[in-house]
Amino acid sequence: MRLSDEERTRYLSPTHHIDCDSETIASYVSPRIKGLTSDKEKAMALFDSVRDDVLYDPYYYDLSPDGMRASSVLKKGRGYCVAKALVFTAAARAAGIPARLGFADVKNHLSTRRLRELMGTDLFVYHGYSEIFLDGRWIKVTPTFNASLCSKFGVHPLEFDGENNCLFHPFDSEGRKHMEYVLDRGPYDDIPVDEIINASLAAYPTLFKTLESLGGETVLGDFSREAEAE
């Protein structure tokens, strides 16, 4: 499979949210791919970096135009799955690797008792991942869960080999079934903000009632500490 010139340009170009041309993204990517010659090596290095440098935090999100920019997430150093997919997608584009966003609804997602109670369900809608174009095909990857967090949950961190999809933890460290993708919503050129908001409002009424009662506060707790306590 080959990308057309139009497709290659599209998946290497900046958007408002995937600001791969920003100085913040460029200065992050450059030292991490220094000396690497293949796109495969660069993608693997960037996957490991984004996975562990940006901490996964489902209590810390900001769907405002500026809050959901890759450079903003990188500066904060934390974010939920979509935010981390943004950073990796932008980093890949900055490294010359065509990349785009993907979304899926998943179950058995890494979670805590408090988060499940707030959500009122174990279904996570619009879980974010990335697709990168390597060796003539699109490969799906998600750098969502940092290794330190995985350790607290008893789950092996995902390792990207540069060749195969790297999407989910099918089993935890004790061999029990873990994350399951129940609906793949496919690839997107940029974040479908309105779709995500509408789907989230429908799926998590309890969560948004809690947010409303807090006056719109978006930091609801310490996810890492909850994971460690459980």
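A salt bridge here is a side-chain nitrogen of Lys or Arg within 4 Å of a carboxyl oxygen of Asp or Glu. By that rule, a search of the whole structure turns up twelve salt bridges. The structure is a predicted model.

## Overall build

The chain holds ten helices and six strands. Its C-alpha trace spans about 50 × 40 × 30 Å along the principal axes. The radius of gyration is 17 Å, which agrees with the value near 17 Å that a compact globule of 230 residues would have.

Of the 230 residues, 49% count as buried. The exposed area of the chain is about 10600 Å², and carbon and sulfur atoms supply 49% of it.

Contacts reach far along the sequence. Take those between residues at least 6 apart: 69% of them join residues at least 24 apart.

Charge is the next topic. The chain carries 27 positive and 36 negative charges. The mean positions of these two sets are 1 Å apart.

## Salt bridges across the sequence

Three of the salt bridges are set out below.

| Pair | Closest N and O atoms |
|---|---|
| Arg51 and Glu159 | 3.7 Å |
| Arg185 and Asp105 | 2.8 Å |
| Glu226 and Arg114 | 3.6 Å |

Start with Arg51 and Glu159, whose closest N and O atoms are 3.7 Å apart. Arg51 lies in helix α3 and Glu159 in the loop between α7 (147-153) and β6 (180-188), so the pair ties together parts that are 108 residues apart in sequence. Is each partner buried or exposed? Arg51 counts as buried because its relative accessibility is 7%, under the 20% limit. Glu159 has a relative accessibility of 55% and counts as exposed.

Now Arg185 and Asp105, a salt bridge with 2.8 Å between the closest N and O atoms. This pair links distant parts of the chain: Arg185 sits in strand β6 and Asp105 in strand β3 (residues 99-107), 80 residues apart. Arg185 is partly exposed, at 30% relative accessible area. Asp105 counts as buried, at 6% relative accessibility.

In the Glu226 and Arg114 salt bridge, the closest N and O atoms are 3.6 Å apart. Here both partners lie in helices: Glu226 in α10 (residues 223-229) and Arg114 in α6 (residues 113-119), so parts 112 residues apart in sequence are tied together. Glu226 is buried, with a relative accessible area of 15%. Arg114 counts as partly exposed, at 34% relative accessibility.

There is also a salt-bridge network. It links Glu6, Arg10 and Asp189.

## The surroundings of Arg51

Arg51 is found in helix α3, which covers residues 39-53. Which residues does Arg51 touch, leaving aside those up to four places away in sequence? The list is Lys84, Pro143, Phe145, Asn146, Ala147, Pro157, Leu158 and Glu159. Glu159 is thus a contact as well as the salt-bridge partner of Arg51. The burial of Arg51 stands at 7% relative accessibility.

## Gly120 and Leu207

Gly120 is found in the loop between α6 and β4 (124-134). This glycine is exposed, with a relative accessible area of 60%. Gly120 and Leu207 are 87 residues apart in sequence. In space, their C-alpha atoms are 7.7 Å apart.

## Positive phi without glycine

Two residues with positive phi deserve a look. Neither Tyr126 nor Asp135 is a glycine.

Tyr126 has a phi of about 55°. Its place is in strand β4. Tyr126 is buried, with a relative accessible area of 6%.

Asp135 has a phi of about 50°. Where does Asp135 lie? Its place is in the loop between β4 and β5 (137-141). Asp135 is exposed because its relative accessible area, 68%, is over the 50% limit.

Terms used
Residues numbered from 1 in each chain as written. Predicted model: local features only at pLDDT ≥ 70, side-chain atom pairs only at ≥ 80, totals over all residues. Heavy atoms only, no water. Helix = DSSP H or I, 4+ residues; strand = E, 2+ residues; numbered from the N terminus. Rg over C-alpha atoms; globule rule 2.2 N^0.38 Å. Buried < 20%, exposed > 50% of the residue type's maximum accessible area, 1.4 Å probe, protein only. Contact = heavy atoms within 4.5 Å. Areas by Shrake-Rupley, 256 points an atom, 1.4 Å probe, with all protein chains shown as cover. Lys, Arg positive; Asp, Glu negative; His and termini not counted. Charge placed at Lys NZ, Arg CZ, Asp CG, Glu CD.
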